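Please look over the sequence and the model before reading on. The report below goes through the fold in plain terms.

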Amino acid sequence: MKKDDAAYEDLKRTLLALGFARPGTLVRRLMPCGKPSCRCAAGRDAWHGPYYQWSHKIRGKTVTRRLTPAQAARCAEWLANHRVLRKTIRRMETLSLRKTDQLLAEIS
């Protein structure tokens, strides 16, 4: 299973190269303000925005934070890193299970 060992080492290098990671969701919203005399009352094409929001559950409660466009761009990088982090860890778990099963079988 040298192939698994090499794959595991590659995954460790992936983790080392990863920057900050942030869980959650980033959304871009356009919204009407609700004033009948405002231009946004004309329809979706005239709504205000875009506004950016990051959301994440913390201890069972959803936390939402408004972001500037610059903050949203940075947050998008961290969210992408978080997806890579989770995917890499799942792959590492799979390889670890396979390898540890093999090692346990050698003991008995």
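What follows describes the overall form, then the sheet, the second helix, the core and a few single residues.

**Overall form**

The structure is a predicted model. The protein contains two helices and three strands, and their order along the sequence is α-β-β-β-α. Its C-alpha atoms fill a box of roughly 80 × 30 × 20 Å along the principal axes. The radius of gyration of the protein is 22 Å, whereas a compact globule of 108 residues would have one near 13 Å. Of the 108 residues, 17% are buried. If one takes the contacts between residues at least 6 apart in sequence, 55% of them join residues at least 24 apart.

**The sheet**

In what order do the three strands lie in the sheet? They form an open sheet in the order β1-β2-β3, and the pairing is antiparallel. The edge strands are β1 and β3, each of which pairs on one side only. On average, neighbouring strands of this sheet are turned by 30° against each other, with direction ignored.

Six bridges join β1 to β2, and seven bridges join β2 to β3. The table gives some of the residue partners in these pairings.

| Residue | Bridge partner or opposite residue | Strand of the partner |
|---|---|---|
| Met-31 | His-48 | β2 |
| Trp-54 | Arg-65 | β3 |
| Ser-55 | Thr-64 | β3 |

In a regular strand, side chains alternate between the two faces of the sheet. This is worth keeping in mind when following a strand residue by residue in the model.

Strands β2 and β3 make a hairpin with two residues between them. Arg-59 lies in this loop between β2 and β3. Arg-59 has a positive phi of about 50°, although it is not a glycine. Is Arg-59 buried or exposed? Its relative accessible area is 82%, so Arg-59 counts as exposed, since the cut-off for exposed is over 50%.

Another backbone feature belongs to β2, the strand in which Pro-50 is found. The peptide bond from Gly-49 to Pro-50 is cis, with omega near 10°.

**The second helix**

Helix α2 covers residues 69-107, which makes 39 residues. From its first C-alpha to its last, α2 reaches 56 Å, close to the 57 Å expected at 1.5 Å a residue.

How does α2 sit relative to the sheet, and which strands does it touch? Helix α2 packs on the sheet and touches β1, β2 and β3. The direction of α2 makes about 130° with that of β3.

The buried residues of α2 are Ala-72, Cys-75, Leu-79, Asn-81, His-82, Thr-88, Met-92 and Leu-95. An α-helix has 3.6 residues a turn, so residues three or four places apart point the same way. The cover over the buried residues of α2 includes α1 (2-17), β1 (25-31), β2 (48-58) and β3 (61-67).

One of these buried residues is Asn-81, which lies in α2. Asn-81 has a relative accessible area of 18%, so it counts as buried, because the cut-off for buried is under 20%. Which residues does Asn-81 touch, leaving out those up to four places away in sequence? Asn-81 touches Leu-18, Gly-19, Phe-20 and Ala-21.

**The nonpolar core**

Which residues form the largest nonpolar core? It has six residues: Tyr-52, Trp-54, Leu-67, Ala-72, Cys-75 and Leu-79. Two elements, β2 and α2, give two or more residues to this core. Helix α2 gives the most, with three residues.

Leu-67 is one of the core residues. If residues up to four places away in sequence are not counted, Leu-67 touches Leu-26, Tyr-52, Trp-54, Ala-72 and Cys-75.

**Looking back**

The model can be followed along its chain as α-β-β-β-α. The three strands form an open antiparallel sheet, and α2 packs on that sheet. The largest nonpolar core takes residues from β2 and α2, among other places.

Conventions:
Residues numbered from 1 in each chain as written. Predicted model: local features only at pLDDT ≥ 70, side-chain atom pairs only at ≥ 80, totals over all residues. Heavy atoms only, no water. Helix = DSSP H or I, 4+ residues; strand = E, 2+ residues; numbered from the N terminus. Expected span 1.5 Å × (residues − 1). Buried < 20%, exposed > 50% of the residue type's maximum accessible area, 1.4 Å probe, protein only. Contact = heavy atoms within 4.5 Å. Pairing = 2+ DSSP bridges. Axes fitted to C-alpha atoms, helices over the stretch in contact; angles between N-to-C directions. Core = buried A, V, L, I, M, F, W, Y, C linked by side-chain atoms within 4.5 Å. Rg over C-alpha atoms; globule rule 2.2 N^0.38 Å.
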